[in-house]
Amino acid sequence: MNIKVLDTTLRDGEQTPGVSLNPSEKLRIALKLDEIGVDFIEAGSAITSEGERDCIKTITNENLNAEILSFSRPLNKDIDYCIECGVDAVNLVVPTSDLHIFQKLNTTKEELIEMSNSAVEYCKDHGLVVELSAEDASRTDVDFLRTVFNNAIDCGADRVCVCDTVGIFTPDASFNMFNSLRDLKVPVSCHCHNDFGLAVANTLAAIKGGSSEFHSTVNGIGERAGNTSFEETVVSINSLLPDFDTSIDIHELYSISKLVARLTGVYIQPNKAIVGENAFAHESGIHSDGIIKNASTYEPITPELVGRKRKFVIGKHMGTHGLNSRLKELGLNVNSNQLQQICDNIKFLADNGKTVTDVDLQAIADNVLNINYEDRIKLEEVTIVSGNKVLPTASIKLTIDGNDVLEAGVGIGPVDAAINAVKKSISEFADIELVEYHVDAITGGTDAFIDVIVKLQKGDQIISARGTEPDIINASVKAYIAGVNRLIS
Ligand SMILES: CC(=O)SCCNC(=O)CCNC(=O)[C@H](O)C(C)(C)COP(=O)(O)OP(=O)(O)OC[C@H]1O[C@@H](n2cnc3c(N)ncnc32)[C@H](O)[C@@H]1OP(=O)(O)O
Ligand SMILES: CC(=O)C(=O)O
C-alpha cells in the first residue's frame with residue numbers, strides 16, 4: 001500500500017524557535033521536496049505575516065506536482081489569507097481535547113463542532129481541499145473525536161488527521177487509535193511530535209493501524225523536540241514495513257537533509273539515523289573488518305540507498321583492516337609491518353586525546369614509509385583588517401612551488417576573508433571546496449589554544465586537516481593550507 005507524505009518542514013518545521021525562512025529559501029526547499037516525490041507540502045501559515053504570505057505565494061506560483069497547503073485555524077480570516085495565497089488545500093487545525101477546548105479556546109464542545117463545520121463549508125465553497133487536523137487528538141475522548149471527524153466529513157472534509165500534539169502516544173496507543181478509526185469514509189493521517197523520542201515509532205504504528213498518510217519534517221525539526229523525521233520514516237517504511245511504500249526517491253534524502261540544515265541553521269547531531277555524519281561511519285576495528293568482509297554485518301541498509309558513502313574513521317578503536325582500507329583510499333600501499341607501525345602510532349596519539357585527521361595519518365605514513373614530502377604551498381604572511389565598521393579584509397602572502405604569491409580577500413568575518421584570500425591564490429590550479437569547518441577552544445578561556453579541523457573536497461576525495469594556534473585566523477589558514485597541500489600532492 002502506498003503511504004502519502006505530507007511534509008510540514010516549511011510550517012511546523014519552521015516553528016523551531018529561531019528559524020525563519022525567506023521566500024527564496026522556502027522555494028528551494030519546496031522545489032526539492034516536490035522533485036523527490038512528496039505528495040503534499042504544507043508551505044506555511046498564511047495568517048502569520050505578510051512575509052509568510054509572500055513565501056507561500058512564491059511556492060504556489062510554481063505549479064508544483066505536490067498539493068500545496070497552508071495551516072489555518074477554523075476562522076474565516078485565516079481561510080481568506082489561504083485563498084489569497086492561491087493554495088490548493090488547507091490544513092484546518094481544530095483543537096479537540098477538553099483541555100484545549102475549555103482552557104485554550106474558552107468555548108464548549110457544541111460551539112467547537114459548529115466552528116469546525118462552518119470552516120469546512122467555507123473552505124469547500126472556495127474550492128479548497130480540506131485536511132481537518134484534530135489538535136491534541138491523542139488526549140481527546142475517542143467518541144468525541146469521531147463526532148468531530150464525522151461532522152467534518154459530512155461537510156466535505158477530504159482527509160482527517162490525528163495529531164499527537166505533545167508527543168504522548170506510545171506505539172500501542174497509536175496503533176489502537178488508528179485501528180479504531182479505520183471505518184471513517186476519508187483517508188486518515190497522523191501527525192506526531194517527538195517529546196519522548198517516539199515520533200517515528202508512533203508514526204509507523206499509526207500506519208500499521210490504518211493511517212494512509214503521515215506528516216513529517218526534514219531532519220525532524222519543529223516545535224520543542226520536533227516532529228516525525230521525514231527521512232527516518234521513509235527509510236523505515238521502505239526497509240522495515242514490507243506491506244507499505246511511499247513515492248519518495250530515497251537516494252535524495254541526504255541531499256535534502258543537508259539543504260534544510262544549511263538553510264535553517266539547525267544542524268543535526270552526528271549520531272542521527274540515516275542523515276547524521278556517523279550513520280555510515282565506522283571506527284571500531286571489529287566492525288570495519290566485518291564490513292570489509294560483508295557490509296551487512298554492521299550496516300542494516302547500504303549508504304548508497306540514501307545517497308551516502310561509507311567511511312572508515314581513524315582513531316583509537318580502529319584495527320588494521322579498516323586502517324588499510326583508508327590508506328588505500330589515500331593512495332598509500334603498505335606492507336603488514338608498516339601497517340602495524342602506523343596503527344601503533346595512531347593509537348599512541350589517540351590515547352593522548354588527539355583526534356587524528358587524514359593529514360596526521362598521511363604524515364605518520366610518510367614517516368613510516370620514509371617518504372620525503374614537501375609542502376607545495378607555504379604560508380609566509382597573513383594580515384587581517386576587521387572591526388565593527390569595516391568589511392573584514394585579509395591579505396595573504398604564500399609561496400607556491402617556490403614562487404611568491406600575494407592575494408587579498410574579503411568575507412563575512414576575518415576567518416572567511418583569510419580563507420577567501422587563500423582560495424583566490426590557488427584557484428588556478430586547485431578546485432577545492434571547504435565542506436566542513438569545526439573550531440574548539442582547547443582550554444576554554446579567551447587565551448586558549450584554538451583547534452580548527454577542516455574537511456576539504458577535491459573531486460571525489462575528502463580529507464580532514466587540523467591547525468592549532470593561539471589565534472583563530474592562523475589556525476584556520478594553517479588547517480586549510482595543510483589540507484590543500486595533501487589534496488594536491
Ligand atoms: C499545534 C500547532 O502547531 S498550531 C500552529 C502554531 N503556529 C503558530 O502559532 C504560528 C503562527 N501564529 C501566529 O502568527 C499568531 O499566533 C496568529 C497570527 C495566528 C495569532 O496571533 P494573535 O491574534 O496575536 O493571537 P495569539 O497568537 O497571541 O493567541 C492565539 C489565539 O488563537 C486562538 N486559537 C488557537 N488555536 C486556535 C484554533 N485552532 N482555532 C481557533 N482559534 C485558535 C487562541 O485561543 C487565541 O485566541 P484569543 O486571542 O481569542 O485568546
Ligand atoms: C497541528 C499541529 O501541528 C499539532 O497538533 O501538532
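Helix axes are taken here as lines fitted to C-alpha atoms over the stretch in contact, and the angle between two of them runs from 0 to 180 degrees between N-to-C directions. The structure described below is a predicted model. Within it, the axes of helix H14 (residues 336–351) and helix H15 (residues 358–369) lie 10 Å apart, and the two helices pack at an angle of about 135°. H14 is therefore oblique to H15. The crossing of this pair is right-handed. On the side of H14, the contact is made by Gln-338, Gln-341, Ile-342, Asn-345, Ile-346 and Leu-349, which meet Asp-360, Leu-361, Ile-364, Ala-365, Val-368 and Leu-369 of H15. By class, eight residues of this contact are nonpolar, three are polar and one is charged. The spacing of contact positions along a helix can be read against a general property: an α-helix has 3.6 residues a turn, so residues three or four places apart point the same way.

The chain as a whole comprises 489 residues, of which 42% are buried. Its secondary structure amounts to 17 helices and 16 strands. The C-alpha trace extends over about 80 × 55 × 40 Å along its principal axes. Among contacts with a separation of 6 or more, 64% join residues 24 or more positions apart.

A second helix pair is formed by H16 (residues 414–426) and H17 (residues 472–488), whose axes come within 9 Å and cross at roughly 30°. Because of this angle, H16 counts as roughly parallel to H17. The crossing of H16 with H17 is right-handed. H16 contributes Pro-414, Val-415, Ala-418, Ile-419, Val-422 and Ile-426, and these residues meet Ile-472, Ile-473, Ser-476, Val-477, Tyr-480, Ile-481 and Val-484 of H17. Twelve residues of this contact are nonpolar and one is polar, while none is charged.

Helix H9 (residues 199–209) has ten of its eleven residues buried, so H9 is largely enclosed by the rest of the structure. The buried residues are Ala-199, Val-200, Ala-201, Asn-202, Thr-203, Leu-204, Ala-205, Ala-206, Ile-207 and Gly-209. Their packing partners are strands E6 (159–164), E7 (188–192) and E8 (213–216), together with helices H8 (171–180) and H10 (230–240). After H9 comes Gly-210, which has a positive phi near 130°.

Two ligands are present in the model, and their surroundings were examined in turn. Ligand 1 is surrounded by 17 residues, the closest being Ser-45, Ile-47, Thr-48, Arg-73 and Val-93. Strand E4 (residues 89–95) supplies the largest share of this shell, with three residues. The shell around ligand 1 consists of eight nonpolar, four polar and five charged residues. Around ligand 2 lie Asp-12, Val-93, Ser-133, Glu-135, Cys-163, Thr-165, His-191 and His-193. This second shell divides into two nonpolar, four polar and two charged residues. Val-93 is listed among the closest residues to ligand 1, and Val-93 is also one of the residues around ligand 2.

Backbone geometry was considered next. Most residues other than glycine have a negative phi. Asn-106, which is not a glycine, has a positive phi of about 55°. Asn-106 is located in the loop between helix H5 (98–104) and helix H6 (109–125). With 8 other C-beta atoms within 10 Å, Asn-106 is exposed, because a residue counts as exposed at 12 or fewer such atoms. Ile-274 likewise has a positive phi, near 65°, in a residue other than glycine. The position of Ile-274 is in the loop between helix H11 (253–264) and strand E9 (281–282). Ile-274 counts as buried, with 26 C-beta neighbours inside 10 Å, since the cut-off for burial is 20 or more.

A further loop position is Ala-448, between strand E14 (433–441) and strand E15 (450–458). Ala-448 has 13 other C-beta atoms within 10 Å and is therefore partly exposed. Apart from neighbours within four places in sequence, Ala-448 is in contact with Ala-441, Ile-442 and Thr-443. The C-alpha atoms of Ala-448 and Glu-469 are 8.9 Å apart in space, and the two residues are 21 residues apart in sequence.

Key. Residues numbered from 1 in each chain as written. Chains lettered and ligands numbered in written order. Predicted model: local features only at pLDDT ≥ 70, side-chain atom pairs only at ≥ 80, totals over all residues. Near = placed C-beta within 6 Å. Nonpolar A, V, L, I, M, F, W, Y, C, P; charged D, E, K, R; others polar. Helix = DSSP H or I, 4+ residues; strand = E, 2+ residues; numbered from the N terminus. Contact = placed C-beta atoms within 7 Å. Parallel < 35°, antiparallel > 145°, perpendicular 65-115°, else oblique. Left-handed = near helix turned anticlockwise from the far one by under 90°.
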